[in-house]
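Me: Please take one loop of this model and look at it closely, beginning with the overall layout and ending with the surroundings. I would like the cut-offs stated wherever a term needs them.

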Amino acid sequence: MNQEFCNQIESKYPLGKLIYGKIEFHSPFGVFVNLGDAEVKGLIQISDFLDTGSMTPEMYPDIDSPVGAVVIGYTKDDRQQVWLSVKPSVLQKALVKLKIPVANQL
């Protein structure tokens with residue numbers, strides 16, 4: 001993948017952004033998400049579903065079901081994937097922007 005295309009993908013799907021799509025395909029390592037973009041596919045790896053516990057392929061959402069997920073990375077090769085997470089802790093950070101005060105300096 002050329003650098004210009006990488007920059008376009010990273011601009012369109014910035015890290016931490018909540019995006020929506022539909023579950024398109026199940027694999028043993030995760031699910032592919034149709035983002036409505038002919039250029040890229042989303043991927044939720046099996047490790048990016050739960051904060052704790054074990055996820056199994058039997059627990060995957062149904063094909064064609066809608067999903068909201070947070071952008072956590074990208075492939076830098078010809079697979080043209082946006083890596084996504086649906087972990088509750090990651091979704092919460094994307095939905096609720098907390099203002100955490102800076103510690104008082106003495």
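Reply:
**A loop and its setting**

From the N terminus on, the order of elements in the protein chain is α-β-β-β-β-β-α, which comes to two helices and five strands, where helices (H or I, at least four residues) and strands (E, at least two) are DSSP runs numbered from the N terminus. The model is a predicted one, in which local features need pLDDT of at least 70 and side-chain atom pairs count only at pLDDT 80 or more, while totals for chains, interfaces and linings use all residues. Residues are numbered from 1 along each chain as its sequence is written, and side-chain values use heavy atoms, with hydrogens and water left out.

The C-alpha trace of the protein chain spans about 55 × 40 × 20 Å along its principal axes. Of its 106 residues, 34% count as buried, meaning under 20% relative accessible area, as against exposed at over 50% and partly exposed in between (1.4 Å probe, protein chains only). The accessible surface of the chain, by the Shrake-Rupley method with a 1.4 Å probe, is about 7,000 Å², and carbon and sulfur atoms account for 57% of this surface. Taking contact as heavy atoms within 4.5 Å, and considering residues at least 6 apart in sequence, 59% of the contacts in the protein chain join residues at least 24 apart.

The part to examine is the loop between β4 (66-74) and β5 (81-85), where T75 is found. With a relative accessibility of 3%, T75 counts as buried. Its side chain is engaged with the backbone further along: a polar atom of the T75 side chain lies 2.9 Å from the backbone nitrogen of Q81, and the T75 side chain also reaches the backbone nitrogen of Q80, at 3.4 Å. These are polar contacts, that is, pairs of N or O atoms within 3.5 Å; within protein, one atom must be able to donate a hydrogen and the other to accept it, and residues adjacent in sequence count only if both atoms are side-chain atoms.

Q80, whose backbone nitrogen takes part in one of these pairs, lies in the loop between β4 and β5 as well. Most residues other than glycine have a negative phi. Q80, although not a glycine, has a positive phi of about 50°. Its relative accessibility is 26%, so it counts as partly exposed.

K76 also lies in this loop. In contrast to buried T75, K76 is exposed, its relative accessible area being 52%. Its C-alpha atom is separated by 16 Å from that of I44, a residue 32 places away along the chain.

The strands on either side of the loop also bear on helix α1, since β4 and β5 are among what covers its buried residues. In α1 (residues 3-12), the buried residues are F5, C6 and I9. Seen down the helix axis, they fall within an arc of 105°, so they line one face of the helix; the arc is that of the directions from the helix axis to the C-beta atoms. The face of α1 turned away from this buried side carries Q3, E4 and S11, which are exposed.

Within strand β4, I72 deserves a word. At 39% relative accessibility, I72 counts as partly exposed. Not counting residues up to four places away in sequence, I72 touches L15, D48, W83, L84, S85 and V90. By contrast, the C-alpha atoms of I72 and M59, though 13 residues apart along the chain, are separated by 21 Å.

On the other side of β4 in sequence, D64 occupies the loop between β3 (41-45) and β4. D64 is another residue that is not a glycine yet has a positive phi, here of about 75°. With 54% relative accessibility, D64 counts as exposed. D64 is also one of the residues in contact with I23, others being V31, F32, V33, P61, D62, I63, S65 and V67, once neighbours of I23 within four places in sequence are left aside. I23 itself sits in strand β1 (residues 18-27) and, at 1% relative accessibility, counts as buried. From I23 to D62 the C-alpha to C-alpha separation is 6.9 Å, although the two are 39 residues apart in sequence.
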